[in-house]
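Here is a short briefing to read alongside the structure. Keep the viewer open as you go through the points.

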Amino acid sequence: MASLNYRSAVTSDVQQVITLRGQTRENGISVSGLASLGITVESWSKRIEADDFSGHVCADNGRIVGYCFGDKHTGEILVLALLPEYESRGIGRTLLSRVAEDLWSLGFKRLFLGCSRDPSSRSYGFYRHLGWRSTGTFDAHADEVLELLWQNKGVEAKPALERACRKS
């Protein structure tokens, strides 16, 4: 994992990001599927150029293997996507944390996202494990809306911190 590099997303990343979205294990959306939703290289690049998004990517030897974007105007986590062979390495958690920190720094006290309501999906357990909680509402795509409140920030790190302290 020494070759993994985390950095802020730039417009030249957008083609890889759009393509990667269709390669995810669950909830993959093809380039044409994204285009039907109005998400294209051009539209996403314009939003990055306008500084509407906080975006971070993880690259392995220059190839983007995961990314996360959040909306700087609403506090919504728009997307978190990883190539299947890079799952379970902490990359998603790191990317999400970087975007969340950007949004917290803008003054948001509440972040939110749409998540599968199927308990067998990876995202269902992933976000809840990190402290995200259901709002009891659903978005236009029938995804459950989860939120993370500022006062709950970092709750998931506490058990790991306690284990580390016990070992020393």
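What follows is a walk through the sheets of this predicted model, together with the helices that pack on one of them.

The strands discussed here form two open sheets. One has four strands in the order β1-β2-β3-β4, and the other has three in the order β5-β7-β6. Pairing is antiparallel in the four-strand sheet, and it is antiparallel in the three-strand sheet too.

**The four-strand sheet**

- The order β1-β2-β3-β4 leaves β1 (4–8) and β4 (77–82) as edge strands, each pairing on one side only.
- On average, neighbouring strands of this sheet are turned by 15° against each other, with direction ignored.
- Strand β2 (residues 53–60) runs antiparallel to strand β3 (residues 63–71), and eight bridges join the two.
- One bridge to look for here links Asp60 to its partner Arg63 in β3.
- On the next pairing along, β3 and β4 are antiparallel over five bridges, and Gly66 has Leu82 of β4 as its bridge partner.
- The hairpin of β3 and β4 has five residues between the strands, and Gly75 in this hairpin takes a positive phi near 85°.

**The three-strand sheet**

- With the order β5-β7-β6, the edges are β5 (110–115) and β6 (133–138); each has a single partner strand, so one side of each is left without a neighbour in the sheet.
- The twist from one strand to the next averages 30°.
- Six bridges hold the antiparallel pair of β5 and strand β7 (residues 144–149).
- Within that pair, Phe112 has Glu147 in β7 as its bridge partner.

**Helices on the three-strand sheet**

- Helix α4 (residues 91–105) packs on this sheet and touches β5 and β7, with its direction at about 140° to that of β5.
- Helix α5 (residues 122–129) lies across β5, β6 and β7, and runs at about 165° to β5.

**A closer look at α4**

- How far apart are the end C-alpha atoms of α4? They are 21 Å apart, which agrees with the 21 Å that its 15 residues should span at 1.5 Å a residue.
- The buried residues in α4 are Ile91, Gly92, Leu95, Leu96, Val99, Ala100, Leu103 and Trp104.
- After α4 comes Gly107, which has a positive phi near 105°.

Note on methods. Residues are numbered from 1 along each chain as its sequence is written. This is a predicted model: local features need pLDDT of at least 70, side-chain atom pairs count only at pLDDT 80 or more; totals for chains, interfaces and linings use all residues. Side-chain values use heavy atoms; hydrogens and water are left out. Two strands pair if DSSP finds at least two bridges between them. Axes are lines fitted to C-alpha atoms, for helices over the stretch in contact, and angles run from 0 to 180 degrees between N-to-C directions. Contact means heavy atoms within 4.5 Å. The expected span of a helix is 1.5 Å times one less than its number of residues. Buried means under 20% relative accessible area, exposed over 50%, partly exposed in between (1.4 Å probe, protein chains only).
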